[in-house]
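Here are my notes on the model you sent over. I have set them out as numbered points so that you can follow along in the viewer.

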Amino acid sequence: MKDVVSVKTMRESDKYTIENFVSSKELMRRAGEGIFKSHDNWGKCAIICGSGNNAGDGYVLASDLKQNNYDCKLFLIENKFSEDGKYYFEECEKLGIDWEEMSETTSLSDFDTVVDCIFGTGFHGEAQGSAKHAIDLINSCGAFVISADINSGLNGDTGMGKTVVRSDLTVSIGTLKQGHVMNMAKDVMKRVVNCDIGIPIRGEKYHWADTEDFKDMIPTRKNFSHKGVYGCSACLGGCTEYSGASKLANLSMASLKAGSGVSRLIVPQSIAGSVSPYLLENTLFTLPDENGHMLYDEKKLDAALSGIKSIACGMGWGEGKDYAKILEHILQKDINVVIDADGLNTLSRSDVSILKDSKSRVCLTPHLKEFSRLSGFSMDQITSDTINCAKSFAAEYGVVLLLKGTATIVTDGSEVLFARRGCPGMATAGSGDVLSGILAGLFGYIPLNVRGAALGAYIAGCAGEEAEKEVGSVGMTASDTVGKIAQVIKHLCATE
């Protein structure tokens with residue numbers, strides 16, 4: 001797994017390293033050389049420099065380019081330098097590297113590569129004045145763009161910004177920061193690599209999990225086995241207003257595609273007729289309802305839950321008078337429970353504290369607004385301090401929280417994983433249901449924990465990516481994603 005840290009942790013680690021092991025000047029040299037080694041086809045290169053240490057990395061890069069016979073030129077936002085940056089700028093002058101201070105007439109149209117060394121990870125706020133002009137110029141130049149450490153204009157903790165450099169390659173320095181994986185990061189960075197310059201991390205680490213980190217999690221299936229070995233999963237949801245019968249079928253089918261031995265769909269009696277034509281391999285259970293909303297019937301609910309190992313509930317519930325009772329009853333079972341959509345809204349409207357008394361192992365899958373309603377944190381609080389908000393909630397209520405977003409954050413209050421797969425085509429009705437179905441299927445035969453939940457997010461995201469390759473992002477539907485789940489899992493299970 002790739003380490004990810006906060007800007008504060010990186011700053012403190014950097015300070016500790018300088019005070020005890022390596023000079024700041026040497027670290028700057030390593031950073032510049034690391035950027036140089038990250039790319040091969042430099043061509044004619046422009047390096048756009050601000051006034052801080054990020055600019056110093058650019059001056060080291062310019063020296064390396066010059067000494068390797070590349071044509072390069074420095075463009076300064078202002079004639080101002082950090083102490084170490086000044087040292088390396090003077091080295092550039094000794095080598096005869098051309099430079100100029102940027103102006104309204106500056107053009108980057110003649111360059112093959114443009115390197116962004118304007119702001120580092122400590123930037124916050126909004127780029128203005130000459131810096132904004134430089135960022136706009138970079139984004140319109142048409143060259144291959146490389147950002148040093150992080151894209152200028154992007155907040156290193158939140159991954160948010162208004163005027164932001166769009167890079168073909170971003171070379172993070174030391175360790176990946178939160179801003180490399182969260183929110184806007186995927187939209188402004190085509191590719192991210194990390195350059196380790198020898199800074200030991202002092203402080204909390206989070207982790208970016210990807211393919212290799214999940215390959216040992218899905219057990220090999222034996223010939224001498226049967227469907228019961230791989231768990232019976234259930235998906236409970238739907239109401240009259242939830243007209244997408246096929247979505248409910250997709251939800252249940254996603255569980256089977258994710259490896260569940262048996263998938264059971266539990267819906268209100270009144271919509272069973274509309275759902276059943278879409279079910280082939282799944283089984284259907286019904287609960288009594290009133291005006292299309294499930295009623296609490298302990299005996300029938302126990303029958304519906306009999307034998308299951310995992311359940312996803314709340315999708316398409318709408319608002320019903322008995323949902324809180326149904327949810328509380330489910331939480332008293334020794335099973336793995338995924339709560340999504342209207343199930344989360346039920347918790348928000350009733351009593352979130354029932355999670356603390358749960359006998360179930362619980363995974364909640366909110367998006368940001370659902371999490372705000374659930375936790376009481378404002379959207380501003382969540383956006384500015386997402387990880388700590390997620391950690392504190394998960395720890396307080398004893399759940400695994402899967403906070404959906406461009407980079408999904410999964411935490412139990414202690415461990416934090418980022419699952420960064422997915423695509424624009426998944427911004428469509430039913431994608432969240434598919435994720436819930438996958439999680440229900442997985443939790444029928446693997447543990448409900450941070451890694452298990454992150455695996456589910458990874459599978460859903462990769463399946464969406466594969467679907468988008470075939471049908472494109474605009475016309476893609478959730479069922480396209482379901483159709484690719486087995487392919488993703490086959491890849492995870494492939495032996496070397």
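1. Let's begin with a pair of facing aromatics: W208 stands opposite F418, a residue of strand β21. Please keep in mind throughout that this is a predicted model. The strands concerned, β10 and β21, run parallel and are joined by 3 bridges.

2. Now step back to the sheet around that pair. It is an open sheet of 12 strands with mixed pairing, and its order is β8-β1-β10-β21-β20-β19-β18-β17-β16-β11-β12-β13. Which strands stand at the edges? They are β8 (176-177) and β13 (283-287). Each has a single partner strand, so one side of each is left without a neighbour in the sheet. As a general reminder for when you look at the faces, side chains in a regular strand alternate between the two faces of the sheet.

3. Next, the packing. The largest nonpolar core has 58 residues, and those with the most contacts inside it are L236, I311, I330, I339, L355, L364 and F418. Helix α15 (residues 386-397) gives this core its largest share, 6 residues. A second, separate core has 54 residues, among them M426, L439, Y458 and C462. You will recognise F418 from the first point, where F418 faces W208.

4. I339 is a good place to look at the packing in detail. Setting aside residues up to four places away in sequence, I339 touches C313, L327, L331, L344, L347, L355, V362, C363, L364 and T365. Two of these, L355 and L364, are also listed with I339 among the residues with the most contacts in the largest core.

5. On to charged pairs. In general, side chains of opposite charge can pair when their charged atoms come close. How many salt bridges does a search of the whole structure find? The search gives 24. One of them joins the side chains of R421 and D210, at 3.2 Å from N to O. This pair links distant parts of the chain, 211 residues apart: R421 is in the loop between β21 (416-419) and α16, and D210 is in the loop between β10 (206-209) and α7 (211-214). R421 is partly exposed, with a relative accessible area of 27%, and D210 is also partly exposed, at 24%.

6. Another salt bridge joins D302 and K333, whose side chains meet at 2.8 Å, N to O. D302 lies in helix α10 (residues 298-305) and K333 in the loop between α11 (323-330) and β17 (336-339), so the pair ties together parts that are 31 residues apart in sequence. D302 is partly exposed, with a relative accessible area of 27%, and K333 is partly exposed at 26%.

7. Two more charged sites are worth a look. K215 forms a salt bridge with E212, and the closest N and O atoms are 3.9 Å apart. Are these residues buried or exposed? E212 counts as exposed, at 60% relative accessibility, whereas K215 counts as partly exposed because its value is 22%. Elsewhere, E26, R29, R30 and E33 are linked in a network of salt bridges.

8. S431 lies in helix α16 (residues 431-442) and is buried, with a relative accessible area of 13%. Where does its side chain reach? The side chain of S431 reaches the backbone oxygen of M426 at 2.7 Å. Not counting residues up to four places away in sequence, S431 touches M426 and A478. M426 is one of the residues of the second core.

9. Lastly, please look at the region around β3. Strands β3 (residues 72-76) and β4 (residues 98-101) run parallel and are joined by 4 bridges, with F75 having E100 in β4 as its bridge partner. Together with helix α4 (residues 83-94), these strands make a right-handed β-α-β unit. F75 also appears in the surroundings of A46, a residue of strand β2 (residues 45-49): beyond its neighbours within four places in sequence, A46 is in contact with K73, F75, L108, F111, T113, V114 and V115. A46 counts as buried because its relative accessibility is 0%. For a sense of distance, the C-alpha atoms of A46 and F443 are separated by 52 Å, and the two residues are 397 apart along the chain.

Key
Residues numbered from 1 in each chain as written. Predicted model: local features only at pLDDT ≥ 70, side-chain atom pairs only at ≥ 80, totals over all residues. Heavy atoms only, no water. Pairing = 2+ DSSP bridges. Helix = DSSP H or I, 4+ residues; strand = E, 2+ residues; numbered from the N terminus. Right-handed = clockwise from strand over helix to strand, strands pointing away. Core = buried A, V, L, I, M, F, W, Y, C linked by side-chain atoms within 4.5 Å. Buried < 20%, exposed > 50% of the residue type's maximum accessible area, 1.4 Å probe, protein only. Contact = heavy atoms within 4.5 Å. Polar contact = N/O pair within 3.5 Å; in protein donor to acceptor, adjacent residues only side chain to side chain. Salt bridge = Lys/Arg side-chain N within 4 Å of Asp/Glu carboxyl O.
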